[in-house]
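Me: I'm new to this one and would like a close look at a single part: how the helices pack against each other. Could you walk me through that slowly?

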Amino acid sequence: MARITVEDCIDKFPSRFELVLVASNRARKLYAGENPTVEIDNDKNTVIALREIAEETLSKEQLKNDLIEEYQTSTFSEDEDLNEIEDSSDDKVNDLSQADVNIENQDLENDDQLNEEASSETSQDNLENSSDDEKEQEIL
């Protein structure tokens, strides 16, 4: 093929959008160092990717799976992995709840201490004021 266009490849995929996604992903992989399955002929990676799609040197399913793997953030081989993650997240929630209870208890203890200090200062002030009043009455 002398020139390759999207029109030459559109019959391989149901939509242009999917074709562009697959071709761009393949071009990125070629740029990253993967070996092309067609002759290079001094073409750019995007053209090589389109030529691979048009000549069907890579299966449609393989191209789709490569695209999916590119955008996947996590993979699970078994349901047990998922259950372990759920269990650990439940433990974290329980730990956070216990930490909230501890903080509330500390706040209550601090409030009690402040109230005790305030009441002792008030009673001390009352004693001082009463002794001043007694001195005034003695003078009179």
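Reply: Let's start with H2 and H4, the latter covering residues 60-71. In this predicted model, their axes lie 9 Å apart and the packing angle is about 75 degrees. Angles from 65 to 115 degrees count as roughly perpendicular, so that is the label H2 and H4 get.

Now for who touches whom. On the H2 side you'll find Glu-18, Leu-21, Val-22, Asn-25, Arg-26, Arg-28 and Lys-29. Facing them from H4 are Leu-63, Lys-64, Asp-66, Leu-67, Glu-70 and Tyr-71. Sort the residues of this contact by type and you get 7 charged, 5 nonpolar and 1 polar.

H4 begins at residue 60, and Lys-60 has a contact of its own to look at. Its charged end sits over the ring of Phe-13, at 6.0 Å from the ring's centre. As for rings pairing with rings, the count of aromatic pairs is 0.

Back to H2, which runs over residues 16-32 and also packs with H3, residues 45-55. Here the axes come within 8 Å and cross at roughly 120 degrees. That angle makes H2 oblique to H3, and the crossing is right-handed.

In this contact, H2 brings Leu-19, Val-22, Ala-23, Arg-26, Ala-27, Leu-30 and Tyr-31. H3 answers with Asn-45, Thr-46, Ile-48, Ala-49, Leu-50, Glu-52 and Ile-53. By type, the contact of H2 with H3 has 10 nonpolar residues, 2 polar and 2 charged. If you're tracing H2 on screen, look out for Val-22 and Arg-26: they meet residues of H3, and they turn up in the contact with H4 too.

One last stop is the loop that lies between H2 and H3, where you'll find Asp-41 and Asn-42. Asp-41 isn't a glycine, yet has a positive phi of about 50 degrees. Asn-42 isn't a glycine either, and its phi is positive as well, at about 60 degrees.

Note on methods. Residues are numbered from 1 along each chain as its sequence is written. This is a predicted model: local features need pLDDT of at least 70, side-chain atom pairs count only at pLDDT 80 or more; totals for chains, interfaces and linings use all residues. Side-chain values use heavy atoms; hydrogens and water are left out. Axes are lines fitted to C-alpha atoms, for helices over the stretch in contact, and angles run from 0 to 180 degrees between N-to-C directions. Helices (H or I, at least four residues) and strands (E, at least two) are DSSP runs, numbered from the N terminus. Angles under 35 degrees count as roughly parallel, over 145 as roughly antiparallel, 65 to 115 as roughly perpendicular and the rest as oblique. A crossing is left-handed if the near helix is turned anticlockwise from the far one by less than a right angle, and right-handed if clockwise. Contact means heavy atoms within 4.5 Å. Ala, Val, Leu, Ile, Met, Phe, Trp, Tyr, Cys and Pro count as nonpolar, Asp, Glu, Lys and Arg as charged, and the others, Gly among them, as polar. Rings of Phe, Tyr and Trp (its six-membered ring) pair if their centres lie within 6.5 Å; planes under 30 degrees apart count as stacked, over 60 as edge-to-face and the rest as tilted. A charge sits over a ring if NZ of Lys or CZ of Arg is within 6 Å of the ring centre and within 35 degrees of the ring normal.
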